Amino acid sequence: MVIWIVFAVITAAIIASLLHPLASGRVRVNGGEADAARVYRDQLLELDRELQANEIGRNEYEYARAETARRLFKASEPKREERQRLPHPRHPRRWLRLAVVAFLPLASIGLYVLVGSPDMPSRPLQARLEEPGQDIAILVAKTERHLASQPDDGRGWDVIAPIYLRTSRVVDARSAYRNALRLLGPSPVRLDGLAETLMAVSDGVVTEEARQVLEQSLTLEPDNPRARFYIALSMEQAGRPDEARQAFEALAKQSPADAPWLPLVNEHIAMNGGAKAGADPAAPGADPAAPGNPTQQDVAAAETMNAGDRQQMIRGMVESLDAKLSEDPNNFEGWMRLVRSYAVLNDKDRAVGALKRGLAAFPPPGEQGRQLLALARELGIATEGATQ
């Protein structure tokens with residue numbers, strides 16, 4: 001009932017504001033003539049002062065005074081012809097006011113019935129907090145209210161931390177993970193969550209603090225694939241491709257053949273100059289001629305090269321991939337490889353350029369565009385203006 005009273009008050013206020021201009025029967029005429037006459041009188045006084053100060057001659061004074069006086073008289077004359085053409089003030093027609101009064105309430109009620117939910121019973125906030133159902137926002141609000149009164153509830157911090165991270169509240173997630181670790185102690189899940197939060201805060205860069213957290217996670221679970229992946233990624237971001245390749249290869253060897261993270265690990269291995277684990281160019285599903293994919297001969301040749309020659313070989317493959325994508329930009333996997341390749345080579349400018357071109361072919365509103373942006377954030381590539 002209260003909501004209907006509020007709606008009635010708002011409707012009455014809006015109607016009153018619209019009817020107020022229609023309630024007056026007078027039409028005000030602009031007083032521009034009076035303003036002009038005042039200006040000309042001021043000019044006459046100014047001429048008198050200039051004459052007394054000998055700033056103008058007598059002839060100039062007489063001429064200017066006569067001209068100003070003529071304009072003053074003209075501005076002071078009653079403009080009968082214009083006044084005769086002005087419409088006589090009249091009150092607005094009654095039907096217009098009645099139309100406004102009737103139309104607005106009916107239109108608002110009809111719109112509410114069309115798009116609103118008038119049959120839904122109202123529920124106070126307290127009732128919604130007590131029975132949140134599947135409403136994540138209410139669940140978060142309920143947990144936050146609980147933690148505000150009991151900040152030493154480690155289980156509450158442990159529950160809300162990953163929710164904060166999934167909803168991009170990374171600063172809150174960082175605080176929640178730290179509180180959970182302080183109160184409940186370290187665990188691989190909490191440590192990995194804190195590391196991912198720290199990387200999200202730093203736009204995908206594995207900072208030194210995040211690396212220390214990941215190493216602590218590995219002491220508790222040496223075969224933790226997530227921690228091992230991010231540590232290898234930190235080597236890649238630091239410009240140490242040989243160490244990164246070895247770390248990724250070690251992770252690939254320990255991973256099951258159907259591990260969901262294995263394709264991403266293989267991609268990093270290839271980008272750092274190695275061969276994908278389990279890759280067989282002669283296999284039916286393989287495509288050795290795909291842009292940027294190393295052939296079996298390339299891999300064999302790379303194994304006999306020194307670090308400098310291998311790096312030069314990688315750069316040549318990346319440039320070849322770049323040229324092929326310029327000719328055929330409808331290759332999403334190619335853009336992903338190209339952006340990652342330039343990031344591995346520490347060529348940030350070309351990485352940003354490749355990101356912009358890839359987003360031009362696969363705009364961010366689509367799933368592939370969002371994946372390109374996520375990859376850029378993971379690699380620490382600036383995304384500002386990339387979609388323009």
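**Reading loops, helix pairs and rings**

Biologist: Where is the place of Ser187?

Modeller: Ser187 sits in the loop between helix H9 (170–184) and helix H10 (188–201). Helices here are DSSP runs of H or I with at least four residues, strands are E runs of at least two, and both are numbered from the N terminus. The model is predicted, so local features need pLDDT of at least 70 and side-chain atom pairs count only at pLDDT 80 or more, while totals for chains, interfaces and linings use all residues. Residues are numbered from 1 along each chain as its sequence is written, and side-chain values use heavy atoms, with hydrogens and water left out.

Biologist: Thanks! Is Ser187 buried or exposed?

Modeller: Ser187 has a relative accessible area of 15%, so it is buried (under 20% is buried, over 50% exposed and in between partly exposed, with a 1.4 Å probe and protein chains only). Setting aside neighbours within four places in sequence, Ser187 is in contact with Leu181 and Leu220 (contact means heavy atoms within 4.5 Å).

Biologist: What do the overall figures for the protein look like?

Modeller: The secondary structure comes to 19 helices and zero strands. Of the 388 residues in the protein, 32% are buried. Among contacts with a separation of 6 or more, 53% are between residues 24 or more positions apart.

Biologist: H9 came up with Ser187. How do H8 and H9 cross?

Modeller: The axes of H8 (residues 154–166) and H9 come within 8 Å and cross at roughly 150°. Each axis is a line fitted to C-alpha atoms over the stretch in contact, and angles run from 0 to 180 degrees between N-to-C directions. H8 and H9 are therefore roughly antiparallel (over 145 degrees; under 35 is roughly parallel, 65 to 115 roughly perpendicular and the rest oblique). On the H8 side the contact includes Trp157, Ile160, Ala161 and Tyr164. On the H9 side, the residues include Ala173, Ala176, Tyr177 and Leu183.

Biologist: Which way do H12 and H13 run relative to each other, parallel or antiparallel?

Modeller: Roughly antiparallel, for H12 and H13. Helix H12 (residues 225–237) and helix H13 (residues 241–254) have axes that come within 8 Å and cross at roughly 160°. From H12, the contact draws on Pro225, Arg228, Phe229, Ala232, Leu233, Met235 and Glu236. H13 contributes Glu243, Ala244, Ala247, Phe248, Ala250, Leu251 and Gln254.

Biologist: Phe229 and Phe248 both carry rings. How many aromatic pairs does a search of the whole structure find?

Modeller: Three. Rings of Phe, Tyr and Trp (its six-membered ring) pair if their centres lie within 6.5 Å, with planes under 30 degrees apart stacked, over 60 edge-to-face and the rest tilted. The ring centres of Phe229 and Tyr230 are 5.5 Å apart and their planes lie at 75°, so this pair is edge-to-face. Ring pairs join Phe229, Tyr230 and Phe248 in a cluster. Phe229 counts as buried, at 9% relative accessibility, and Tyr230 counts as buried at 18%.

Biologist: How far is Tyr230 from Glu215, going by C-alpha atoms?

Modeller: Their C-alpha atoms are separated by 10.0 Å, and Glu215 and Tyr230 are 15 residues apart along the chain. Glu215 lies in helix H11 (residues 208–220). With a relative accessible area of 35%, Glu215 is partly exposed, whereas Tyr230 counts as buried.
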